[in-house]
Amino acid sequence: MAGGFPTDTRGNGLTGIVPVVFAAALFVYFASMVPTIAATEVIRVSIPWIPSLGIELAFLVDGLSLTFSLLISGIGTLVLLYSNTYLAGHPQYARFALFLTAFMVSMLGLVLADDLILLFVFWELTTLTSYMLIGFSHETEKSRRNALQALFVTGAGGLAFLAGLILLAAASGTTSISGIIAQGSALKEHAMYLPILILLLAGTFTKSAQVPFHFWLPNAMAAPTPVSAFLHSATMVKAGVYVMARMHPAMSGTDVWLWTLTILGAVTAVFASLLALRQTNLKQALAYTTLMALGTLTLFLGQESGYAMTAFATFLIVHSLYKASLFLVVGCIDLSTGTRETDQLGGLGRIMPITAVAAALAALSMAGFPPFLGFIGKELKYAGAIAVASEPLLVAGAALLSNALMLAVAGVVAFRPFWQGSVPSGQSPREAPWQMWAGPIILASLGAVFGVYPDLLQVALINPTVISLTGEIGEAKELKLWAGINVPLFLSIATFILGLLFYKFHVQLRAKLEQGFQAIPNLDKGWDSFLDGLKRFAKWQTQLVQNGKLSSYLFGTFLTIAAGILLTLVYTGMPMIAVDLSDVEWKHTSIALLTIAGALLALVTNSRIAGIAALGVVGIGIALIFIVFSAPDVAITQLLVETLIVVLVAVVMLRLPSLPKAEFRPGRAVLSIAVGVAVSLTLIAVVSSPLDLRLTDYFEATSWPEAYGRNIVNVILVDFRALDTFGEIAVVVIAALSAYALLRTTRKGDQK
Amino acid sequence: MNTFGLNIILAIAWVAFTGSVSLVGLITGFVIGYGALWLIQPLIGTSTYFRRVTAWIKLVIMFHYELIVSSIEVAFDILTPKHRSRPAIIEVPLDVKTDTGILLVTNLISLTPGTLSLDVSEDRKTLLVHAMFADDPDALRKSLKDGMERWVIDAVEGA
Amino acid sequence: MSEIIAGSLIILGGFFAVIGGLGIIRLPDVLLRMHASTKIGTLACGLILLSCAVIFGTSDIIIRVIAIVLFILLTAPIGAHMMGRSVVSTGVPLWKNEGIEEGKLDTALDEEHSTPKS
Amino acid sequence: MSWLLALPVVIPFLTAVLAFLTRQSPLGRWISVAGSSVLLIASIALMNTVLREGVIAGQMGNWPAPFGITLVADLLSAVMVLITAIVAVAVSIYAIADVDEGMERLGYHALFNMLIAGVVGAFITGDLFNLYVWFEVMLIASFGLLVLGGRPEQIDGGVKYVALNLVSTIMFLTGIGLLYGMTGTLNMADLASAVDGADQRLLTIVAVLFMIAFGVKAAVFPLFFWLPASYHTPAFSVSAVFAGLLTKVGVYALLRMFTLVFDHDTAFTHTILLWVAGLTMVVGVLGAAAQSNMRKILSFHIVSQIGYMILGLALLTPLAIVGAVFYLVHHIVVKANLFLIAGVAQRIAGGTELSRIGGLYKSAPLLAVLFVVPAFSLAGFPPLSGFWAKFLLVKAALDVQGWIIAGIALAVGLLTIYSMTKIWAQAFWEPHPDGIEPKLSSLSYRDRAAMLIPIAGLAVLTVMIGVMPEPFVQFAEASAAQLLDPTAYITAVLGEQP
Amino acid sequence: MDGFLEISLEIGFMCVVFSVALAFVRLIKGPSLQDRVVALDFMTVAIVAFCGLAAIRYGTPAFLDVALVLALVGFLATVALARFAERNTERSRERSHHE
Amino acid sequence: MNSVILRVGTRYLAGLLLVFSFYMMLRGHNEPGGGFIGGLTGATGFVLYAIACGTQDARAALRVMPQTIAIWGLGIALAVGLFAAIFGDALFTGQWLFIGATETEKGLPLSSVLVFDIGVYLVVFGSILTLVFAMEEEI
Amino acid sequence: MEFLFAITIGVLVAAAVYLMLSNHLLRFIFGLVLISNAANLTIFVSGRLTDGAPPLIPEGADAPLVDVANALPQALVLTAIVIGFGLFAFAIVLVFRAWTTLNSLTPDDMRLAEPEEAPK
Ligand code: NA
Ligand code: NA
């Protein structure tokens, strides 16, 4: 993306404007619902979709979903506006805007859905659209790889999630989310609670890139910066958090819930903030701070206290505002200077003052300085942490550490490039066009505005959200800049001190961290070897079963036949068998022997002619069977066909080489005998009980009186079962046409 | 074949007279008609028909005679432990001209044991015969020409 | 009466059939064997079919028997001719009655003619 | 009534005859298109009647069942016929661009329509031996189509295809003989009750024989070898119709026989089917993961997807059968379409080997859109048809605590995503290795229309099933109910049973 | 005289079957292509005879129809194989000539 | 095949086989025979012709391309099946007309079933010749 | 009697399977012919065997006067024979084509459709 801002800042014409207007309209629409929701009402719309499965197109607007909707559509509007300039004149901008808008709509659907399956539909749609967006620079290998990685990891989680949803729906007997929540604590006592929880968390943790599934998120930064700003700050990664929040009333309060979310959240938060500090790339650093935020949000959701819930709601908003803002700022820096590496940046403050202001505002909120909303969020965070009954120190400690690290990162990202050092030679940065700084400045300012006037937020969104999270009993804590001298305040101060220290020594720390992380296995590297392993395993397996050799295919098929019949025989036990040889005449025996002898000759001979002649003998033997057992029509046909077979083989064989000498293969012989035995045994069993001759009796009785024929076989062929005969002559025609076509297509590979 | 056609008509007439439509009736009618025609031979002028019929009958009888006699000869050779046969492939010049004649000669030669028609040359003038008992090829050749070929020529091509 | 005639014809036919079979086994070269198969086989077959005609005695059966016999008389020699021709043209080794013992015949023929077998 | 049943079989035959007589002129291809369209109308009429009146049966030759041959249509048959007609229309249009005059002169259109006739016949017959006959019609036509063109790899694939399918055919025939020998009847509805009088142990053995015979046709593990060995070799329109329809006939036959006739020892037979289903899914999808050619990937995926359908049959709960039916319908549409798209890729990008092509996303966005729909439907992304299919089956499996099989079904879904994105990334996203920009406009107007209209039509159908699944689910439910309680089927064929 | 016909039929069957067995031995032994074909040809004729016997034995002239067809087309296989033998030699000669 | 004997023999046999094949077909409804057997026998006649005189002559004698015969046969068989529709019967319902039927005698039967058998005959005949001619020419 | 021919069928099948497994197309064809015959015979035997009474209705009778052989399997076998012939005809032509295009009759050497992985 090097090379400065687009010279033509008019963007992409209508293709650029329409999505912005659309998103803005959505925002306004959702904003218009604020009064209703603020009055702690909910709006539910539902139309039947798949009634036979009880699935509805049901949407629910309550505090939680409205908060998300406003963030999504609001930030969406600004990001689309920004993108229109950021990617001005890009040949594929239309697709970009389409995917981004589609993503936004899917995300809205996800947070508004009041049906588990509908939610999943949108869930997967966000996966799919984000795949397209991450892979937007599709001509580079890295983009494609990272897009696939994101898709694969979230897709895998998504499938577990689906299983969880199905179980959840089965356990509660409905797919309606509000219906499930209305069932109160029934779910928590359900036998399937734990599997459901694990499966749902698998989905949400992968989607939210929680440790240890975090590795795909930084890679997803291969996407254009606006995408990162949108997907990886405000929206997609929060989908997982959203679902946990949504299910909070129905599923929280158990020990499993508490400790899983708390511990994983805390670990993610600390781990991610360390990772963030380690980065020199601005976007990567921001990506990891996003992880930290997600960890923190998860950690809150593990609990039930009013503080935690309020902190969740507040921090959700805070983070979205500053993170989107900072991502967009980084985009401006990137376009302006051509780099996102911290050590190649400096002194931009004077050249890009507006951007710098936006960055500063956002960073201060992020760092948790008063009077920003970030400060209030942080205070609530500590309050919530302390409220954790069993292990307040652990939670608070994690929060403290991560917040301090966050402060340091804020400095690295938003302070250092603007206010330290000077512009390196070779760079000629300029201030960004207004379309690009408008977004950051608005978002960042909102952090300040809400910090000063927290009541705005409190009534409109926080209280309804908390109610959504806890049900009617929920009591939101008050958002205040000054809550008096209390433990959170001391922790805040400690955070500042620690954070500033971290910032001061961040270069040295980075080196230390680098060493530390070298020691930890990196799942991202594991990803490649995982894919390699998968491919290798797939190849190995495929070569095992599909080795390209007809003889092993046939062996497998016949083995299945023999094993299928014989093992079934073992399972069922021997069917009734009656051996009645009383009516066997020597003629029958000799015909049978002749047939067998012919078959054996065909088997052992190495002479083609002997083989054909042996087949002729078998044909004759079988014709004799037909003659002796009263089937003249069949015998005639058999003899005619046998003759033609010999003729055809004789013609074809002129071009074919002699038979090679056959080697004896014991394995094949055993299998052949097994198949033969299987068929024989079954047939013997079949003919051991009498045959029901209803059909034949009917044919005999009606052949002459109704079908006017004395040859019953022929009457069956041309009248009773004429359709069979028709199909059969069709086979003959097709065989001839096919063979003809095959003979008449001559290609280059053909020998003379 | 006019006379032959006449004979057929007479046979059908016979069937009509007697009113028994059967194979036996037809054959009877044919034989009686033949007799009648033979009697009125002067009336219908010179025809090869009568000679040909005689020749055909002779052919059929002689063929069966040969068939049985030489079958016994071959059977004897097969059944006795020592092979007396002196096989050889001999060429026989052909006088028979028509397709039917050639086919009859070769087939009949093949059907009588002891001789087997192998091939007829492209110019249809020579017949290649495999003989089991070819101690004297010339005699054999002569017997074939005077025997089977003669009879066939008489029957098929008239003379 | 007709049954005695038929029975005798059948036995005679069977006898010739066996002779034919023996001939195919015993005669020393392929052309000689063909003598046995083509003619004696036809004779055997004809005799047995004749017994059919005698037994059934109806005109349609007789016609059918005649047809069968005529068909065989027409086709068998043509088949034999084709075979014989191919024996000559492919150079299958032939027996010359040079007093070789039957058991050693095949080896003797092979030594005599080096033409490849198919 | 009986004509309503007979026409779907008769029409393609008539079309085949006419198309063959006009094979030297371009008229043949239009006859083929027209014939398929008429077939479509006929099958809509059939479906309409079955929906209104329930299972219908017709006695061919006016001979009463079980003596004559009965044609029967329940919902499953009717929908299979309908979907066959849809595929036939799509492919016959596509063939205008795809099939060259040389192949036409050798009777491509006749063979194609005979194939359709065989497929339809198999779906609609109520007689076991008649089913064999239609299988053969289908099989021999597929032989011809597979090798039409005569390229060496076609011959190679053809040898394997023919060899293995012949084995299956002969096993089927043997099975029919044995079953007839036990029951004395061939009418499938009649068999349903006739088997009760037979030795049940023996019946299980014969059931396994049928399972194997149909298993080869359906390409399940370990009998699928012929499919990946050959499906990538013929003309694209041919492999599309193969991919869509042929294996489904095997699945249909399994579904029919193992609900109607062989339901005496489901604890044994359907447990085997469950194993088969799981292994088929896994082996197939791993096979696909190992491939680098678009058509080969798609071929292995057929195998894998067949596993899902068998899973539905194996579970044998109402929901599972619903899933199987839904899957069957969805898969035909989607898989045929993907092969058609591969054909376009071949034409404009010069191949189906993924490393040899690319750049389709950039320069052929319409094709990209059209690919995404079936590809992601196959991968089971909502709200496309494949999602519902998989959803139903996974739910069915979870409902009976089939954790492992449900897990397998889901994991295989993931690997399906992997394969589809592999195609997407390498054929669409990645630039073309030769630096060319494959464009749809490089095709003539006629070819472009002929190729893209059917693709778009099938894609629309996929989306439609996905977005408005209710009628399809309802339909599948009704169909599953008929399968699980064959009383209506039997009554329609044999009349009221005492 | 019912007995005589029965007995002679049995004898006839035995003879025919035995002759087929003998021909089969030749078919196995060969050694030349033509030997095998001759054996096969003989079997065909024997089957015609067998049909005749069967027709008498079961009193069913229908078996004569089998004989009829076989008598007419049975030699086709012989002709085809003979032609194969001849052409095959021609070809191998041509081939060795080319080399 | 340059064999005088075979060529001459074929002249008789081919015609004989053809006539015989019609006979087998026509009597099929009451005695062994029928369309298949007839068609196979008839085809044998032309196979013999092709072997004896070459496929060119055989094709010339046949005048129509064998695959056309086969497909017409299929068409005829299909038409017979459809013919029943005129009488409101199901596919492939046999239609019989007895010429000169009296109370005791059925009369001379003319039937769609016979036409169907003719279709079968033509299919088998045409298909086998398609195959054999093409193979002969290719080898 | 059925027992005897059930054994015969078993031998035919075993021989056929061995031939089909032999990795040579001509032998495969031989096996195919054998196994087709065995399958036809299976149907025939399954319909039970009756000595010497073809299912024909004599002139003047409305139905067979004696117990005649089961006609239905005969019709089925006839159909199966003809179908089998069609399949065989195609198969033999395919074998011929395989030889002329791929110059091999051992299918295991035919690796065009499924090429062996190039050694890395
Ligand atoms: Na049942
Ligand atoms: Na590529």
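1. Let's start in helix H4 (residues 93-112) of chain A, where Tyr93(A) and Phe96(A) sit 3 residues apart, so about one helical turn separates them. Keep in mind as you look around that this is a predicted model. The two rings have their centres 5.7 Å apart and their planes at 35 degrees, so this pair counts as tilted. Both Tyr93(A) and Phe96(A) are buried.

2. Stay with helix H4 of chain A a moment longer, because Phe103(A) lies there too, while its partner Phe230(A) belongs to helix H10 (residues 225-234) of chain A. Their rings form an edge-to-face aromatic pair, 5.7 Å from centre to centre with 80 degrees between the planes. In sequence the parts that this pair ties together are 127 residues apart. Is Phe103(A) buried or exposed? Phe103(A) has a relative accessible area of 0%, so it is buried. Phe230(A), with a relative accessible area of 1%, is buried as well.

3. Those are just two examples: over all chains, the count comes to 75 aromatic pairs. There is also an aromatic cluster worth finding on screen, and it takes in residues of chains A and D. Tyr131(A) is in it, together with Tyr361(D), Phe371(D), Phe376(D), Phe381(D), Trp424(D), Phe428(D) and Trp429(D).

4. Rings in chain A also meet charged side chains. Over the ring of Phe315(A) sits the charged end of Lys381(A), 4.4 Å from the ring centre. Likewise, the charged end of Arg710(A) sits over the ring of Trp704(A), and here the distance to the centre is 3.7 Å.

5. Now for the metal. Which residues coordinate the sodium ion (ligand 2)? They are Leu354(D), Ile357(D) and Gln426(D), each through O, plus Glu430(D) through OE, at 2.3 to 2.5 Å. Along the chain, these donors follow the spacing L-x2-I-x68-Q-x3-E. Within that set, Ile357(D) and Gln426(D) link distant parts of the chain, 69 residues apart. Ile357(D) is in the loop between helix H14 (318-349) and helix H15 (360-363) of chain D, whereas Gln426(D) is in helix H18 (residues 403-429) of chain D.

6. One last thing about that pair of donors: how accessible is each? Ile357(D) has 0% relative accessibility, so it counts as buried. Gln426(D) is partly exposed, because its relative accessible area is 27%, and the range for buried stops under 20%.

Notes:
Residues numbered from 1 in each chain as written. Chains lettered and ligands numbered in written order. Predicted model: local features only at pLDDT ≥ 70, side-chain atom pairs only at ≥ 80, totals over all residues. Heavy atoms only, no water. Donors = N, O, S within 2.8 Å, 3.2 Å for Na, K, Ca; no water. Helix = DSSP H or I, 4+ residues; strand = E, 2+ residues; numbered from the N terminus. Buried < 20%, exposed > 50% of the residue type's maximum accessible area, 1.4 Å probe, protein only. Phe/Tyr/Trp six-rings, centres within 6.5 Å; stacked < 30°, edge-to-face > 60°. Lys NZ or Arg CZ within 6 Å of the ring centre and 35° of its normal.
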